[in-house]
Each structure stands twice: as structure tokens, then as C-alpha cells.
Amino acid sequence: MSKPPKDAEARRAVSPVICYPSDTLRRPPMEQYRAARLGATETGRVVIPPRDARCFYVTAGSFFRISCPEGPQVGDLNLFEARNHEEHFYSGKTRALHGSHIRTGNRLWSCLPYLRPMATVLDDTLDWYGVDEHGGRVHDVIGTRCDPYTHHLLSGQDYHHTCHSNLTRALAEELNKPLHEAEALVHDVLNVFMCTGFTHDTGQYFMKASPARKGDYIEFFAEIDLLGVLSACPGGDCGAEHSSDSAQCHPLEVTIHAPPAGSLDGWYSPSNNRYSRRHAPN
């Protein structure tokens, strides 16, 4: 370790600055969303088997709920604009705008050059959890997804039920694409129900057993037409490992609900980001 300079403590004491102050972001009309949700009717239901993934579609202005129907289970979620798969969820910018873990009222943002809200968190039965003594929080946008490449790097073994592979297979089947083309679409995820943080001493990414229980859910309002793909992680509640055939795993469930006519009057789906895309000062 290098020798600290004389002003080391002064350098450490510099106050932090929020990189992307979000005060100017347009606030979602949560009261209108919640009123519309009260009269909504179920229009679809998809069950995601343990250690596997499934796709689902949600129309803009509808709601989708991800739940644990049987017990604690972590899920890895990818989102795409339903017809333009180049526009997909951008976990890094969502993290920069809202923090390392999403909460009620936060939005899931799409990638550049679109950069618009894809979905808004409407309700979360785990919002009571907050921050634990280890610095753990729930629903992270910092983890990438368990994948067979890292698994092989660390263990020397092939494992085909990682979330990356699950998402790849589900997309390949849904979009009728070969696996290598579907794999190129898979991106960093929202880790639904996962409890994570960074260790205080080494700054390493950690996970701990999810606080989710049977019946817990997180619900979203779809801001645009969406194709979702959700993997039920092979780590189960991720309390021990996340690429495993030995962890106890449960299914996840996605239910889709359409609001009654007229309940969203005045609401409109967000347009693409309005930056000119000139990328030059002149």
C-alpha cells in the first residue's frame, strides 16, 4: 500500500456530490395510476418454473405484477420495447438516477438513445425492508445476472441454468431466433426480490437470503409497450449461491392487469429522448 500524503484525511473529508440530481425529472402521476389499478382486470398470467425463464407482453397503460406464489425466490428481469428490441432496460442509468436499489415511485429507464421511462414501480410489499445492518437492500440494479461464462471462469464447469442462459433460451423461443442471436439481446437485469449490497471493507458485491415470502410481490405500471423476460434464478433466495442445482427454488408468477376505460385520461406514453443527436457543438 502506498504511503498516505499529509493531507490524506482532508482529501477523504471532501463532501460527496450527487452525480445526477433527479429533482427535475417529471414525476409519475402515482395517484392516477393507483386509482386506475383499483378497477383493473386481469388479462394474462405467466408462471416461470424454477431455474427457467418465460416471456410476457404488457401493453402501455397496463400493470404487471411479479410475485412469489410458493416461497422466497429471486428473479432476473429484462425488458424491451415490444416491437423494437434495440430499446431495452438500462440498469446503469436507472441506478444513476434512482440509486442502487429501486423503490416505489422509481422508474426503469431504457437505453440510449431512447432514454425514457419503460415502467414505474407502483407497489412493493417489501418496501418495509429499507437498509439492514450489512448495507443490504432489496430489488437491485447493480448485479449483472448469473451467467455460464463467469461460472466456468470460477469453477471450470459448464452450467446451463444460469439466468443469462435462461433468458437466452426464452427469448430464442419467443422470437424464433437462434440462440446466438437471442443471447446478444440479453442485458443487465433488475434483480427482483434479491437482497444485495457492498461489503464495507473490500467493497465486494454481496447477496443474502431474500426477505421475500409466499405472496410477496412488486408491481409496475407499463409506460410503453413491453416485452418482458423473467428468469427464476437457480440460486432460489440467493442466501448461499446463485448457480446451483442444490438450492431450493420456487416458481415466480407474472400477472397482467388492464385498467378500466377512461381511468388514464390525460396520461400519455413517453416519447423518445429529445436530444438532437448531433454530438457536435456546431
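This report describes the fold, one helix and several individual residues of a predicted model.

## Overall dimensions

The chain contains 6 helices and 12 strands. Its 282 residues give a radius of gyration of 20 Å, which agrees with the value near 19 Å that a compact globule of this length would have. Along the principal axes, the C-alpha atoms fill a box of roughly 65 × 55 × 40 Å.

Half of the chain is covered: 50% of the 282 residues count as buried. Among contacts with a separation of 6 or more, 76% come from residues 24 or more positions apart.

## Surface and charge

About 14,600 Å² of the chain is exposed, and carbon and sulfur atoms supply 52% of this area. The chain carries 28 positive and 34 negative charges. The mean position of the positive charges lies 7 Å from that of the negative charges.

## Helix 2

Helix 2 spans residues 30-38, and its buried residues are Met30, Tyr33, Ala36 and Arg37. These residues are on the same side of helix 2 because they cover an arc of only 130° around the axis. Glu31 and Leu38 are exposed and sit on the face turned away from the buried side.

The cover over the buried residues of helix 2 includes several strands. Strand 3 (63-67), strand 5 (107-109) and strand 6 (117-124) contribute to it. Strand 10 (217-222) and strand 12 (252-258) are also included.

## His139

His139 belongs to strand 7, which covers residues 137-140. The relative accessibility of His139 is 1%; buried means under 20%, so His139 counts as buried. Beyond its neighbours within four places in sequence, His139 is in contact with Ser100, His101 and Ile102, with Asp124 and Leu126, with Leu190, Asn191, Val192, Phe193 and Met194, and with Ile218.

Asp127 is 12 residues from His139 along the chain, and the C-alpha atoms of the two are separated by 9.8 Å. The backbone of His139 has a positive phi of about 70°, although His139 is not a glycine.

## His151

A second histidine, His151, lies in helix 4, residues 148-155. With a relative accessible area of 17%, His151 is buried, because the cut-off for that class is under 20%. Leaving out residues up to four places away in sequence, His151 touches Gly156, Gln157, Asp158, Tyr159 and Ser243.

## Backbone exceptions

Most residues other than glycine have a negative phi, and most peptide bonds are trans. Two residues depart from the rule on phi. One is His139, with its phi of about 70°. Another is Arg277, a residue other than glycine whose phi is positive and near 65°.

Arg277 is in the segment after strand 12. Its relative accessible area is 52%; exposed means over 50%, so Arg277 is exposed. His139, in contrast, is buried and part of strand 7.

The peptide bond that joins Leu112 and Pro113 is cis, with omega about 5°. Pro113 is located in the loop between strand 5 and strand 6. Both of these strands are among the elements that cover the buried residues of helix 2.

Note on methods:
Residues numbered from 1 in each chain as written. Predicted model: local features only at pLDDT ≥ 70, side-chain atom pairs only at ≥ 80, totals over all residues. Heavy atoms only, no water. Helix = DSSP H or I, 4+ residues; strand = E, 2+ residues; numbered from the N terminus. Rg over C-alpha atoms; globule rule 2.2 N^0.38 Å. Buried < 20%, exposed > 50% of the residue type's maximum accessible area, 1.4 Å probe, protein only. Contact = heavy atoms within 4.5 Å. Areas by Shrake-Rupley, 256 points an atom, 1.4 Å probe, with all protein chains shown as cover. Lys, Arg positive; Asp, Glu negative; His and termini not counted. Charge placed at Lys NZ, Arg CZ, Asp CG, Glu CD. Arc of directions from axis to C-beta.
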